[in-house]
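Visitor: I have a structure open and I'm not sure how to read it. Could you walk me through a few features?

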Amino acid sequence: MKLSQFKFKLPEELIALNPPYHRDECRLMVLHRKSQTIDMYRKDENGDPLKDEEGNPVFMDFRNVLDYFDEGDTFVFNDTKVFPARLYGTKEKTDAKIEVFLLRELNEDMRLWDVLVEPARKIRIGNKLFFDDSGTMVAEVIDNTTSRGRTLRFLYDCPHDEFKRELYALGEAPLPHYIVDRRAATEEDLTDFQCIFAKNEGAVTAPASGLHFSREMLKRMEIKGIDFAYITLHCALGNFHDIEVEDLTKHKMDSEQMFVSKEACEIVNSAKRNGRHVCAVGTSVVKATETAVGTDKLLKEYEGWTNKFIFPPYEFGVADSMIANFYHPLSTLLMETAAFGGYDLVMDAYAKAVKHGYHFGCYGDAMLILDD
């Protein structure tokens, strides 16, 4: 497919800058792949849309996801944990303000980190950056890796756990630029931009579809007999990079580290063998499970990296349903969603989402794709 096929006009006011008051209160749109139908409204026992006091149909919210699943069905979550990756420092001598975005730690003993810097043109090898008023957290640039990429060595002599704690205390939630360019990150974002089941640290952006799940909703799912499986894929920034080629077969994704445990395989494969639904929560879960699927369409243990780029047409092997957010035009996340739901159906859903004021982005509304 071509890049231009994923272009649409997204009004700025539909970009969600804040999460809903409760995690599970965003709107929900449901897509049915086989019948090629789209549901937006709650329905009564006769299947007719419920109306509010003014006679308007009532939109579904995320908690209605439970209406489509039963005992023995399995949800697959990404339990990666976001760390406060965005820091602001000053360059020595000039005091120029520099944004430093932590990507990953390269060496614990030497305090080496792979980072992005902005504005990059001001940062050269040998420069020192200061991150607090006391001057105790200092980093030296020791290598250029890409146009914006640098390797930093933090000059902080203490036990590693203490260093990480002090470093993260200076950081903020790594919200995408389509949010922080419009408002500053807050203390609340450190909680809001983290899934409640987050466990394994390593992500520099949240697996957004998992943000909708509240503790109350997980408990209701548990009571209903729905099973949970957890994989880990440390979400990186590759999904936010502009695609620079029209032919999507020529686009290369950045690699992301991922882990699929034996326990996760047993839970997912048991559901598949028993003819139960397997729901992938988010594009990162779909990417991970499609990386680790065998030729028998069962999930296999996996520890390594993936740069899988999924776009239409694509035959999926593990999940038969998927939860996604509403993503930006021309994004790889939209392309993966369109591959799962079918290009025409998903793009029709996006047109309806714009028309009816659904919110887009990581703090936005949700889509459930079903194979019925």
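Guide: Happy to. Keep in mind that this is a predicted model. Let's start with one pair of strands: β16 (residues 321-325) and β17 (residues 366-370) run antiparallel and are joined by four bridges.

Visitor: Which residue of β17 is the bridge partner of M322?

Guide: That's I369.

Visitor: And what larger arrangement do these strands belong to?

Guide: To read a sheet, follow the strands from neighbour to neighbour. Here nine strands form an open sheet with mixed pairing, and the order is β2-β1-β17-β16-β14-β3-β12-β13-β15.

Visitor: Which strands stand at the edges?

Guide: Those are β2 (37-39) and β15 (302-306). Each has a single partner strand, so one side of each is left without a neighbour in the sheet. As you step from one strand to the next, the twist averages 20°.

Visitor: Which strands does helix α8 touch?

Guide: Helix α8, residues 343-355, packs on the sheet and touches β1 (28-32), β2, β16 and β17. Compare directions too: that of α8 makes about 155° with that of β1.

Visitor: Now a helix on its own. How many residues of α6 are buried?

Guide: For this, go through the helix residue by residue and ask how much of each is accessible; under 20% relative accessible area counts as buried. Helix α6 (residues 283-291) is mostly covered, with eight of its nine residues buried. The buried ones are T283, S284, V285, V286, K287, A288, T289 and E290.

Visitor: Where does T136 lie?

Guide: Look in the loop between β8 (128-130) and β9 (138-144). T136 has a relative accessible area of 41%, so it is partly exposed. Leaving aside residues up to four places away in sequence, T136 touches L155 and Y156.

Visitor: How far apart are T136 and W305?

Guide: You can answer that in two ways, along the sequence or through space. T136 and W305 are separated by 169 residues in sequence, and by 35 Å from C-alpha to C-alpha.

Visitor: Let's try a pocket. What is the volume of the second largest pocket?

Guide: About 320 Å³. After the volume, check the lining: 17 residues line this pocket, and P20, Y21, H22, R23 and D192 lie nearest its centre.

Visitor: Which helices supply at least two residues each of that lining?

Guide: Both α3 (189-192) and α4 (215-224) do.

Visitor: How many lining residues are nonpolar, polar and charged?

Guide: Sorted by class, the lining of the second largest pocket has seven nonpolar residues, five polar and five charged.

Methods
Residues are numbered from 1 along each chain as its sequence is written. This is a predicted model: local features need pLDDT of at least 70, side-chain atom pairs count only at pLDDT 80 or more; totals for chains, interfaces and linings use all residues. Side-chain values use heavy atoms; hydrogens and water are left out. Two strands pair if DSSP finds at least two bridges between them. Axes are lines fitted to C-alpha atoms, for helices over the stretch in contact, and angles run from 0 to 180 degrees between N-to-C directions. Contact means heavy atoms within 4.5 Å. Buried means under 20% relative accessible area, exposed over 50%, partly exposed in between (1.4 Å probe, protein chains only). On a 1 Å grid over the protein atoms alone, a cavity is a set of points where a 1.4 Å probe fits but cannot get out, and a pocket is an open set with protein on both sides within 12 Å along at least five of seven lines; lining residues have an atom within 4 Å of a point. Grid points are joined across faces, edges and corners, and a volume is the space filled by probe spheres set on the points. Ala, Val, Leu, Ile, Met, Phe, Trp, Tyr, Cys and Pro count as nonpolar, Asp, Glu, Lys and Arg as charged, and the others, Gly among them, as polar.
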